[in-house]
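Here is a quick tour of one strand and its neighbours. Have the coordinates open while you read.

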Amino acid sequence: MLDVKICGLSTFEAIDAAIARGASHLGFVFFEKSPRHVDLAEMAELVDYVQGRAQTVAVTVDPSDDLLARLAGDVGVDWLQLHGSETERRVAEAKAKTGLKVMKALPIAGIDDLDRIEPYRSVTDAILLDSKRPQGSNLPGGNGLSFDWRLLTALDRDVPFMLSGGLDSDNVEEAVRIARPAGLDISSGVESAPGIKDIGRINRFFDALERARETDVQGEDQS
Ligand SMILES: O=C(O)c1ccccc1N[C@@H]1O[C@H](COP(=O)(O)O)[C@@H](O)[C@H]1O
């Protein structure tokens, strides 16, 4: 069963829709330049609303020690997503300081980028593979752009990862078939405009994922 993280949530309605369809993780973005940014008070309210129905994830970019302490203390999320240029050492430090589970995002554009995964494996609870920030964008993630998933076929099968970057209901079936991820992370692909989650698109995404699972099971039966 694939983990599914719906990211960039800011309303109770979208949280309920994602949980109803089986999202395992819900992401809340703390990054002021993002159209999905929520402040810490808003994030605490959203996390409180989830009430253990899914894992909650604070998405951050090179967070300060103060922010880490507030996310672990005042907000009370389950996971920290590090989506900046955090070194392995900083990731280990963030985990030790907060006691939270940590997901490190790594940008992938070419085969050499896969070499960056191994050093992070021992200091994280999950690795998230995303596309690289396009020129001109001030967002390190949430750009709605995918990378060449065929690169991931070169990865050792015992390296579990979450796949993100430009996933939507039209491409998720192909993404799962090619990349064989342990989980999926989606934000822009379930929005009607930047930062505005669309319940219809959330439903269509999970419908497409169910079709992908059915096709996969049928494929396995024939082999
Ligand atoms: O969504 C954002 O605005 C964002 C801002 C800063 C860091 C990460 C962000 N989002 C993450 O980007 C990926 C992919 O998103 P998309 O599906 O391509 O829109 C996902 O991991 C989000 O958590």
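Which residue in E5 is the bridge partner of Leu80? That would be Val102. Bear in mind that we're looking at a predicted model here.

Leu80 has a partner on the E3 side too: Ala58 pairs with Leu80 of E4 through a bridge. Zooming out a little, strand E4 covers residues 79-82 and is joined to E5 by four bridges, with the two strands running parallel. E3 and E4 are also linked in the parallel sense, again over four bridges. The two pairings look like this:

| Strand pair | Residues | Sense | Bridges |
|---|---|---|---|
| E3 and E4 | E3: residues 55-60 | parallel | four |
| E4 and E5 | E4: residues 79-82; E5: residues 101-108 | parallel | four |

How does the chain get from one strand to the next? From E3 it passes through helix H3 (residues 65-75) to reach E4, a β-α-β crossover that is right-handed. From E4 the chain goes through helix H4 (residues 88-98) to E5, and this crossover is right-handed as well.

Are the faces of E4 covered or open? Both are covered: Trp79 and Gln81 sit on one side, Leu80 and Leu82 on the other, and all of them are buried.

Now for the wider picture. Eight strands close into a barrel with parallel pairing, in the order E1-E2-E3-E4-E5-E6-E7-E8. From one strand to the next, the twist averages 25 degrees.

Methods: Residues numbered from 1 in each chain as written. Predicted model: local features only at pLDDT ≥ 70, side-chain atom pairs only at ≥ 80, totals over all residues. Pairing = 2+ DSSP bridges. Axes fitted to C-alpha atoms, helices over the stretch in contact; angles between N-to-C directions. Buried ≥ 20, exposed ≤ 12 C-beta atoms within 10 Å, placed from the backbone. Right-handed = clockwise from strand over helix to strand, strands pointing away.
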